[in-house]
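Visitor: I would like to learn how to read a few features here. Where do we start?

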Amino acid sequence: MPTIVEAFRARAEEARSVVHELATWSGVATLALVLADADGRIALSPSLARAQPVLSERLGARVLLPDPGDPARSVADAAVGIVRGELAVAETGSVLLVEPELADRVVSMLSLTLIQVVARERLVENLDAVATTLAAGGPPAYASLTTGPSRTADIERSLTIGVQGPSEVHVVLLG
Amino acid sequence: MTDREPPPTPHAIAPFAVRYRAALADPNVRDGLLDFQRSWKATRDEQIASVEAITGRSFDALRGELAEIKDGVLADLDGHLARFRARAEAAGTIVVEVATAADANAYIADLCRQRGITLAVKGKSMVSEEIGLNAALEAAGIEAVETDLGEWILQLAGEHPSHLVMPAIHKRRGQVAELLTRVVGRHFDPDDIPAMVRSVRTELRERFLTAGLGLTGANALVAETGTVMLVTNEGNGRMSSSLPAVHVVTVGAEKTVPTLADAIRQVRLLARSATGQRITTYTTFISGPTPGHELHIVVIDNGRRAIARESAVESALRCIRCGACANVCPAYQVVGGHAFGHVYTGPIGLVTTAYHHGLEAAAGPQSLCVSCGACATVCPVDIPLPAQILDVRRQIAVRGGGLAWAKRAALRAFASRRLVDIAALAAAIVTWPVQSGVFTRIPRRLAPRHLGWRTPPRVSWRPAHARPALHAAQPPIAVTGATGRRVALFLQCVADRLAPEIPIAAARLLRAAGAEVVVPEGQHCCGLPAFDAGERDGARRMARATIAALDGHDDVVTPAPSCVVAMLHEYETLFADEPEWRDRAAQLRGRVHDLVGYLSTTARLPRGALAQAVAGGGGAEARVTVHRFCQGSNLLGAGDRLERLITDLCAIELAPLAETEVCCGFGGSTSLTAPEVSHGILTRKLDNVVASGARVLVTDNPGCVLHLRGGVDASGLRVRVVHVAEFLAARIPIG
Ligand code: SF4
């Protein structure tokens, strides 16, 4: 029997995500810097930036925060985006993003490479947990269960990664 | 579908005949779709096996559960919608229910006018195609830009989707590259698909950032939470529903599910059935407007409640638009969705088009369906599509005009055994000079559309029922469960006159297994051809005569499993309102067997009983392969029974045949009304036969035998096609 982490990793990799197990937020910042190359900007979802000030400290001038006046344009095509995931689901290798605020959503939607950080204890076996999580306490205005980078098979059913959404997805199991 | 005026077709969709010819003229369609169907089937089967492993439940159990959920909603659609509305409105969403396509379009156009919106970005939505939203918005001065890659390509090409899930699947890479080169104004290399994909991102980015309206469909409305569920892969659905200040969802009322847990059950089957993925990249749950934005949900009826009122087709509303039924449809592979369908394509389109766009729009493609039943085997909500398609045909036949006069006259003549005998005799005399062996060779130029690709069978001078060989003695070779049983042999009308050797071989086999074979007088045709054509009255007449002829025997056996399908499945529908005949049909159902089934169970001969090498080909040295009668696999659940019977009795090894359960293209009337489709499907079958390396092709339905023989003869292949009865009877030990 594979462990739940192994199962998650296998399914997420099948969906072309890269899975990391990291101990700290500071490790997440390091990962973002590696992925962003020398001068790429790193977008943070505002809710995450508020909750984890260490990220902004570590990333310094590289940080990009959505401009409330035009959040989408301000972060479009950021080299890397970092968002927090509510759940990771082993059944499908998916991460549930709860993003009622547009400013959070644009980061997960428009970054070229996306890092989704989920607390290790929020890794669950199966999709049923998504239903219970969303239903508990009234559903959020906007939530997405995301599984790997954006893709299409619309031309001759040839799988091509990276359409409107991120073309690279890293899932960090934190802690 | 009785009192409604058919709603106008929203699109400029060409007449069926024009679409059919265009599809046949474009080899990209059939070549591309053949590759597509093969690769889809492999990934879909893998994913269905995976969900069975994950849940510990069978596909049938899982789809039964989802079907039950959907049925529960349909039983109280208004109640579920009211619950959905209450929750959604509490969260600040505006929910509008509209009756017609025009109402939906008017609401959205008015909203744009009030908000001063002139540009909309649009995620993929079949409902928007159904109601002709783009054209309506354009007429109101609003530009609606498709943002799903496939839909965008089609919008640039001025076409509509040919598939529910993969709208541009009929286009090959070269065509897309040429289109993009022309429209985008840069060169695109047909072999650089990633570059073509990237173009949709760069070309549409600014539109996303400036559009005032985002339009999407919905995969489910969750009543419990007022949630819209939307699944996409590209990310355009999330952007269309997030970036513009106004988001409008167009959705059919039937998409409602009770709870989020139910929506998750749908998710488990949807992507697996649609694209062969475990799950789509984005499954989005929208339960209210984003702060500062507006969310409108336009719930559309447009014929849905009319479907719900008719018990024969009601369950079509379970459809989750996965497209699986098209992906296994052999006729769809030949002509694609522009011909096989209207706005909604594939088998489900043959049903629902009648209600969304009128009977006339639904009529043309009916002739393409070969009734093979493959669609029903993969549908994740277990819709009985073959029966529903036949019901729509019935409606078309009742309204008249649907069936060509000549076809109706032929079906009437078929209803009478005496007329058929006279006609068959006349045909035998007329074609005598061109008959050779088992074939009637007609000069190809005389009738190329119907005959060039398939040599017609010779009409027999003397049908099986008038031949002494049918009654000749055959000593039993073993004691079986059939020993001493009185078995009525149902010859089947086609085999009786066109392949008398088949019922004769069947009689020998049954006698070899110890049965006392009788050939009841008065038997003729089970009624299937008329039923298939929607001619219910004619079918009922033939069914009554068949039931009466077959009364009073221990077992009824036929070498034609197609007739068993009719007796097991269609008679119940035919006699729904005639209790006496319904009971007699039920009694028959308990006694009727197709030959392979009977030999595999009651009349089971010992292992190796027919392990004789036979002279004249087909002996142990020739490679033998098996084509499964499609309805046997798809409707009777026969599985690999035919292969097991042959290997067991004859102790030979069979060469595997790829896609053995896929139809051979005979399809009853399809080979007359849409011969190009029949031919296309036959070609796929024969290509597989050639690839198997076999020299002998065994199958179990007389129609398939004749069709395959004609195809083999016309294409000059060196393959002998035999019915399983002949194959086995030739191995009965003598003395
Ligand atoms: S009818 Fe069944 S298989 Fe066809 S699209 Fe609908 S849900 Fe899928």
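Guide: Start with burial. A residue is called buried when its relative accessible area is under 20%. This model is predicted. In chain A, buried residues make up 57% of the 175 residues.

Visitor: What is the accessible surface of chain A?

Guide: About 6500 Å². Carbon and sulfur atoms hold 54% of that area.

Visitor: How many helices and strands does chain A have?

Guide: Seven helices and twelve strands. The radius of gyration of chain A is 16 Å, close to the 16 Å from the globule rule for 175 residues, so chain A is as compact as a globular protein of that length. Along the principal axes, its C-alpha trace spans about 45 × 40 × 30 Å.

Visitor: What share of contacts in chain A joins residues 24 or more positions apart?

Guide: Count contacts with a separation of 6 or more; 72% of them are of that kind.

Visitor: How far apart are the mean positions of the positive and negative charges in chain A?

Guide: They lie 2 Å apart, taken over 14 positive and 21 negative charges.

Visitor: How many disulfides are found in the whole structure?

Guide: First the idea. A disulfide covalently bonds the sulfur atoms of two cysteines. The cut-off between the sulfurs is 2.5 Å. The search finds zero over all chains. Take C493(B): the nearest cysteine sulfur, in C525(B), is 3.8 Å away, and C493(B) is in no disulfide. C664(B) is in no disulfide either; the nearest cysteine sulfur, that of C704(B), is 3.9 Å away.

Visitor: Is C664(B) buried or exposed?

Guide: C664(B) is buried, at a relative accessible area of 2%. C493(B) is buried too, at 9%.

Notes:
Residues numbered from 1 in each chain as written. Chains lettered and ligands numbered in written order. Predicted model: local features only at pLDDT ≥ 70, side-chain atom pairs only at ≥ 80, totals over all residues. Heavy atoms only, no water. Helix = DSSP H or I, 4+ residues; strand = E, 2+ residues; numbered from the N terminus. Rg over C-alpha atoms; globule rule 2.2 N^0.38 Å. Buried < 20%, exposed > 50% of the residue type's maximum accessible area, 1.4 Å probe, protein only. Contact = heavy atoms within 4.5 Å. Areas by Shrake-Rupley, 256 points an atom, 1.4 Å probe, with all protein chains shown as cover. Lys, Arg positive; Asp, Glu negative; His and termini not counted. Charge placed at Lys NZ, Arg CZ, Asp CG, Glu CD.
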